[in-house]
Amino acid sequence: MGEPSSNTQEKSQYHHFIPRFILRNYSHLGQRPAASRGSKNRRKGRNAARSKEPMLFGLNFAGEEPEIIETSVAKTFGMMDMYRDFRASTRQHQVEEQLSVLESRAGEIISTIRKAFEAGKTDVWITRTQRDTLRKFLFIMKYRGSRFHKRYCHENTDDYDENDKEKMVEYMEKNDIKKPVDVWLDNIRGILDLKMDGQEWMDILRKRIYPDDAEWFINNVQGFYMALMTPFNQEDEFLLTENAYSIHEGAASERFNPITGKMELSAYTEFHLFAPIAPRLLIVLRSSLLPVPEEDSDPTIRVQRKLLYEASLASYHRPEAAGLLLRDLPINKARNSYSKIVDGRSVLISKGPIGANDRFGFTFFPIPEEYVFKINDIMLEESHRIDLIIFNNNAAAFKSLSHYLNSRAEFDTDTRRVANIRRLRRSAQLLATALPAQVTFSLQETMPPVKESSGDKVYLLFTKDSKAKQLYFELSGKSLDHSDFDQARELLFMRIKLDSTTRYLPQDIRANARNKFLEQYERIPVQVVWIYLKRIRFMKLGGTMINVQNVLEDNQLPAQQLHGAEDVIVASREVFRKKDFCRLMHHASLNAFLVAKPLWGLINELTLDDNGMKRLHEEKELVLGDQGSICDCGIPKVEEAARAIREAVKASREHMREFPLDHIFSDDEKIELLTRDLLRDYNAKDSGKGLIEDNELERVLFDIIYPLFGSRQRPRQAGNVGNEEQVDEALGCLVQ
């Protein structure tokens, strides 16, 4: 037999992406499994102690339903062979071995910090070398995580699908690298080997690893400063999520990708990065773009910082709202051995920095509860990508989840986030059941109240309108619920965001984006869609705007505009197919706003100038737009009759009636218009009743959702079913 390959000689290993020395800070000793009398597992001494291994409490999302679990430190937040280099003939776990060396050094530093904190000290001092080791460790924690493993873990460049693909391919070809994952592993090795002495290390790194990631590391070290935080309230804690070290707080903008039909990240700026190292201790990296009081007392530095901040946000849709969430976080830069604060200003001592022996003093900043909530909220907001959240105390975890859920409605264009909110709600219920009733009640009493829609003037209009309340009850089966109105606000906000990001794209791409947005209706409660359509109308009338805080704000909303054509669809909802109901309600509401314009349908008044051509285009878009054909109107018996008439029209095209400006329509559009015209006057002969018995629904269907082109040239009274003899004569002409 031949020699076994090196691959089979080296065993697989479990590689942690969050080290055990951090996990142990969240752990408790597990209970030794019970054993029967005489069992081989009944051991004493060293073996018995070993059975009490460190365990963690967690919220597990890997299954269909969330669950509270205990998981061992040894097998949490890692995966098999994560950093294994399969290209190497020997020492395939070298990267993991190098990571272990860095972890050991960083672990000693973090242990020093934790012990100082637990001893009640107000600060801790470390050397420049220790600080640089910690900064390298914090970047590697972000870069080594599962997110970047997924980004790079591909067998070939064809599967690498990031915005730097062209650069990546060029770099791989230049360095004879076959797989993206090998770039990632080599980058980790390059950063681990780096000696951060003097200023030369930056140029060395740029030449050693993939240039884009080199610049990212340099910016992380040079553009952020480190601080230590702890909750002011003794009962509060920081959560440890699977992706905690990969999460940032900052600004972001999205744009519509016409190829994928999705909103994608177009720009982002990191203002804060987080590294939980114990339940009550967190390292934060804060961007130097944000104010630094002891430095900004110098006018030159303050102006330069402001210019850099504004430049970094120039490409965002709403730069004035960026970087506000944690802007006032009560922390400062570390003190050091080569400067002192004089009159609020940093002043150098002697010749300034001297090198590796410089020392830095980090204060343990106690932060108010609102900032603990904000940071945990950020963690929970990004938990839709993960399967596990670790916590130390049930009550603290329940409190954080409750705060987050009180500020979130179950709506988002990303269905993963919707599903995550639901599983977090279930998780909060599980945590509550594990707590004594009096503790749960006490926590709920001290929590901030659930955000109500007291400022939502649409909600206030509903409370004063019996018809609106009745229709809401018929749709939802419940009394007015604040959360439905909150979701409608969020839906409107997302629609405005979509329109703003696609503003300069071609019209067909914008229309495609809007159609994809309408697909969200299938996943949203019908009463929320109904309220949202009313919000659209109020917005078009100038009643709602987005203020400088990037929040929807209601001005004076006229009560007479609360009701619209969508209410007619709601009142007749039983005649519609369920899957078509929201679509028809949407077109009824939006078309009604346009049909109400004074010049709508008066084709004989059109001029041939630019304004006239614009009106012509708008009228055609309304008549033959996204609502589609009346043969798909969602009312089965109307669809059946419409399809029969359409087939008859198709068979007798030479006898088609002419419409105003007939030459601008295709044959299919002419058939659609004639089908609508004939259907409007058609009566069911067997019953003697019209296809639609409700006059209001007939008006909305034929005059608003599926109108004729230039229909106001031949006005008719709303609700007039038509003359049966005329329809028979028209149908007779069709089949001649």
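The following conversation covers two helices and one residue of a predicted model.

User: What kind of model is this, and how are residues numbered?
Analyst: It is a predicted model, in which local features need pLDDT of at least 70, side-chain atom pairs count only at pLDDT 80 or more, and totals for chains, interfaces and linings use all residues. Residues are numbered from 1 along each chain as its sequence is written, and side-chain values use heavy atoms, with hydrogens and water left out.

User: How many residues of helix 21 are buried?
Analyst: In helix 21, 12 of the 15 residues are buried, where buried means under 20% relative accessible area with a 1.4 Å probe, protein chains only. Among them are Trp530, Tyr532 and Phe538. Helices are DSSP runs of H or I with at least four residues, and strands are E runs of at least two, numbered from the N terminus.

User: What comes just after helix 21?
Analyst: Gly542, which takes a positive phi of about 85°.

User: Turning to Asn336, where is it, and is it buried or exposed?
Analyst: Asn336 belongs to strand 12, residues 335–336. Asn336 counts as buried because its relative accessibility is 15%.

User: Which side chain does Asn336 join by a polar contact?
Analyst: The side chain of Ser339, at 2.6 Å; a polar contact is a pair of N or O atoms within 3.5 Å, and within protein one must be able to donate a hydrogen and the other to accept it, while residues adjacent in sequence count only if both atoms are side-chain atoms. A polar atom of the Asn336 side chain also lies 3.1 Å from the backbone nitrogen of Tyr338.

User: Which residue caps helix 12?
Analyst: Asp298 caps its N-terminal end, with a side-chain oxygen 2.9 Å from the backbone nitrogen of Thr300.

Technical notes: Buried means under 20% relative accessible area, exposed over 50%, partly exposed in between (1.4 Å probe, protein chains only).
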